Amino acid sequence: MLFFILTECIHFSFAQQKKIRVLVVSGGHEFEHKPFYDVFNSIPSITYDTLVQPQANALISSPEVNRYDVLVFYDMFDLISPTQQEVYINLLTKGASMIFLHHALVSYQNWPEFIKIVGGQYHTHPVVVNGDTLRASYEHDVNIPVKVEDKKHPVTQGISDFEIVDEVYGDVEILGSVKPLLSTTHPKSMRYLAWINHYGNSDVIYIQLGHGPSGYSNPNFRKLIQQAIEWSAKQSKK
Ligand SMILES: [Zn+2]
């Protein structure tokens, strides 16, 4: 019996050690906390801490950042010092894992490198891209048909085309170099709803879905977030 208890303890602590350590960053945009964090509570392979900006950028700029395997950004923030900008770039040059969700696409309007990191940006003011004027827009509570662009990728495998009630963003700038994971034909939405963007030595993931509870509770959204974190953690080279 004692042996059984001991092996169970060892097994338990081993399982604890192997969990992916995630930092979930928010700040700058309201959201319903309980249903949002339930997405992360439902993922058995992770443990996570939460931090609100500007504290998150302060931690990311300190050695404390090494406590985490994956940084998940659900912030919408504009304040970032030149030193903190360098920290993001250095982390990604080392191969750190970063996942940007939903309104994180609106962050750092005045930091030109940010679009190169995420692979796209929701510009809050009209911009001219390749001769077209982009006027970014959003609409809530839209029934969105979602197509899985790459059914074999570890982030999207096992997910069939699905529908989700969520917010759409329109007229967003997306770099031509991104590797699309999800798309939609909804006329008010940008074409791609999730992608991978290579930056430095990192494969940065962006997922547009996830405005509120109707998105958070969608099983396809949850599977996507879980697989994104698990794949991203495996890619981590830092
Ligand atoms: Zn939103």
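How are the donor residues of the zinc ion spaced in sequence? They follow the pattern H-x64-E-x43-H, and the atoms that coordinate the zinc ion in this predicted model are NE2 of His-102, OE of Glu-167 and ND1 of His-211, at 2.0 to 2.2 Å. The points below take up the zinc site, the aromatic ring pairs, the largest cavity, the backbone features and two further residues.

**Zinc site**

- Glu-167 and His-211 form a pair that links distant parts of the chain, 44 residues apart, with Glu-167 in strand β9 (residues 162-170) and His-211 in the loop between β13 (202-207) and α6 (213-216).
- Glu-167 has a relative accessible area of 5% and is buried, whereas His-211, with a relative accessible area of 25%, is partly exposed.
- The two residues fall into separate classes because buried means under 20% relative accessible area, a limit that the 5% of Glu-167 meets and that the 25% of His-211 does not.

**Aromatic ring pairs**

- A pair of aromatic rings is described by the distance of the centres and the angle of the planes.
- Across the whole structure, the search finds 19 aromatic pairs, among them the pair of Phe-36 and Phe-40, whose ring centres are 5.2 Å apart and whose planes stand at 65°, so that the pair is edge-to-face.
- Both of these residues, Phe-36 and Phe-40, belong to helix α2 (residues 33-41), where they are four residues apart, about one turn of the helix.
- Phe-36 counts as buried at 1% relative accessibility, and Phe-40 is likewise buried, with a relative accessible area of 2%.
- A further pair is made by Trp-195 and Tyr-206, with ring centres 4.8 Å apart and planes at 40°, so this pair is tilted; the reason is that only planes over 60 degrees apart count as edge-to-face and those under 30 as stacked.
- Because Trp-195 lies in strand β12 and Tyr-206 in strand β13, their pair ties together parts that are 11 residues apart in sequence.
- Trp-195 counts as buried at 0% relative accessibility, and Tyr-206 counts as buried at 0% as well.
- Phe-36 and Phe-40 are also members of a cluster linked by ring pairs, which includes Phe-31, Tyr-37, Tyr-48, Tyr-74 and Tyr-216 in addition.

**Largest cavity**

- The count comes to two cavities of 30 Å³ or more, and about 40 Å³ of space lies in the largest cavity.
- The lining of the largest cavity consists of Gly-95, Ala-96, Ser-97, Asn-201, Ser-202, Asp-203, Ser-232, Gln-235, Ser-236 and Lys-237, and the elements that give two or more residues to this lining are β13 and α7 (219-235).
- By residue class, the lining of the largest cavity divides into one nonpolar, seven polar and two charged residues.

**Backbone features**

- A cis peptide bond, with omega of about 5°, joins Gln-53 and Pro-54, and Pro-54 lies in the loop between β2 (46-52) and α3.
- Tyr-108, although it is not a glycine, has a positive phi of about 50°; Tyr-108 sits in the loop between β4 (97-101) and α5 (113-118) and is buried, with a relative accessible area of 1%.
- Asn-130 also has a positive phi of about 50° without being a glycine, and its place is in the loop between β6 (127-129) and β7 (132-134), where Asn-130 is exposed, with a relative accessible area of 77%.

**Two further residues**

- Gln-55 is placed in helix α3 (residues 55-60) and counts as partly exposed at 47% relative accessibility.
- Although Gln-55 and Gly-27 are 28 residues apart in sequence, their C-alpha atoms are 9.4 Å apart in space.
- His-186 belongs to the loop between β11 (179-183) and β12 (192-199) and is buried, with a relative accessible area of 18%.
- When its neighbours within four places in sequence are left aside, His-186 is in contact with Val-142, Asn-143 and Pro-145.

Methods
Residues numbered from 1 in each chain as written. Predicted model: local features only at pLDDT ≥ 70, side-chain atom pairs only at ≥ 80, totals over all residues. Heavy atoms only, no water. Buried < 20%, exposed > 50% of the residue type's maximum accessible area, 1.4 Å probe, protein only. Contact = heavy atoms within 4.5 Å. Donors = N, O, S within 2.8 Å, 3.2 Å for Na, K, Ca; no water. 1 Å grid on protein atoms, 1.4 Å probe; cavity = no way out; pocket = protein on both sides within 12 Å on 5 of 7 lines; lining within 4 Å. Points joined across faces, edges and corners; volume = space filled by probe spheres on them. Nonpolar A, V, L, I, M, F, W, Y, C, P; charged D, E, K, R; others polar. Phe/Tyr/Trp six-rings, centres within 6.5 Å; stacked < 30°, edge-to-face > 60°.
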